[in-house]
Amino acid sequence: MAEKKFTGLNGPLESAELSADYDSAAVFERLRVGEKGVYFRDGLRTRCLLYSEIDRAFIRVQETRSRMCCGQANFNYFRVVFVHGGKEIADYMSEKEKEMDDALAAIAAHGVPT
């Protein structure tokens, strides 16, 4: 099997260990939580954030109001945000609250403060 290429915090990452970790990672929608890091799509790239690069992770709720023909509707989006060095380095957005709560719990189980 060919090694999968990832984009890390400091540039491209490519190794058989990361590819195997990606394949065996727990899947929460399209966010994968493995033993070595977190994997998700960011445009055309697959991002890999190693746990050593994540200082903190948390969920941000974004509420969007929309006007529709029959009135107004509110949509909630849940973002798992990753912080390194006091800066937000990445986030993953979903409409499914339970999936993101479960993903954050899995990330916290690997020693990342939430």
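This report describes the nonpolar cores and the aromatic pairs of the structure, which is a predicted model.

The largest nonpolar core has 20 residues, and those with the most contacts inside it are Val38, Phe40, Tyr51, Ile54, Phe82 and Ile107. At least two residues of this core come from each of β4 (31–33), β5 (37–42), β8 (71–84), β9 (87–94) and α2 (97–108). The greatest contribution, five residues, is that of α2. For isoleucine 107, the contacts beyond its neighbours within four places in sequence are Val33, Val38, Tyr51, Ala57, Val80, Phe82 and Val112. Apart from the largest core lies another, of five residues, including Phe6, Leu18, Tyr22 and Tyr39. In soluble globular proteins, nonpolar side chains tend to be buried together.

The structure holds five aromatic pairs. Two of these involve tyrosine 22, as set out below.

| Pair | Centre to centre | Angle between planes | Arrangement |
|---|---|---|---|
| Phe6 and Tyr22 | 5.6 Å | 55 degrees | tilted |
| Tyr22 and Tyr39 | 5.5 Å | 85 degrees | edge-to-face |

Phenylalanine 6 belongs to strand β1 (residues 5–8) and tyrosine 22 to helix α1 (residues 16–24), so their pair ties together parts that are 16 residues apart in sequence. Tyrosine 39 lies in strand β5, so its pair with tyrosine 22 of helix α1 ties together parts that are 17 residues apart in sequence. Through ring pairs, Phe6, Tyr22 and Tyr39 are linked into a cluster.

Phenylalanine 6 is buried, with a relative accessible area of 2%. Tyrosine 22 is buried as well, at 14%, and tyrosine 39 is likewise buried. Over the face of tyrosine 22 lies arginine 32, at 4.3 Å from the ring centre.

Methods. Residues numbered from 1 in each chain as written. Predicted model: local features only at pLDDT ≥ 70, side-chain atom pairs only at ≥ 80, totals over all residues. Heavy atoms only, no water. Core = buried A, V, L, I, M, F, W, Y, C linked by side-chain atoms within 4.5 Å. Buried < 20%, exposed > 50% of the residue type's maximum accessible area, 1.4 Å probe, protein only. Helix = DSSP H or I, 4+ residues; strand = E, 2+ residues; numbered from the N terminus. Contact = heavy atoms within 4.5 Å. Phe/Tyr/Trp six-rings, centres within 6.5 Å; stacked < 30°, edge-to-face > 60°. Lys NZ or Arg CZ within 6 Å of the ring centre and 35° of its normal.
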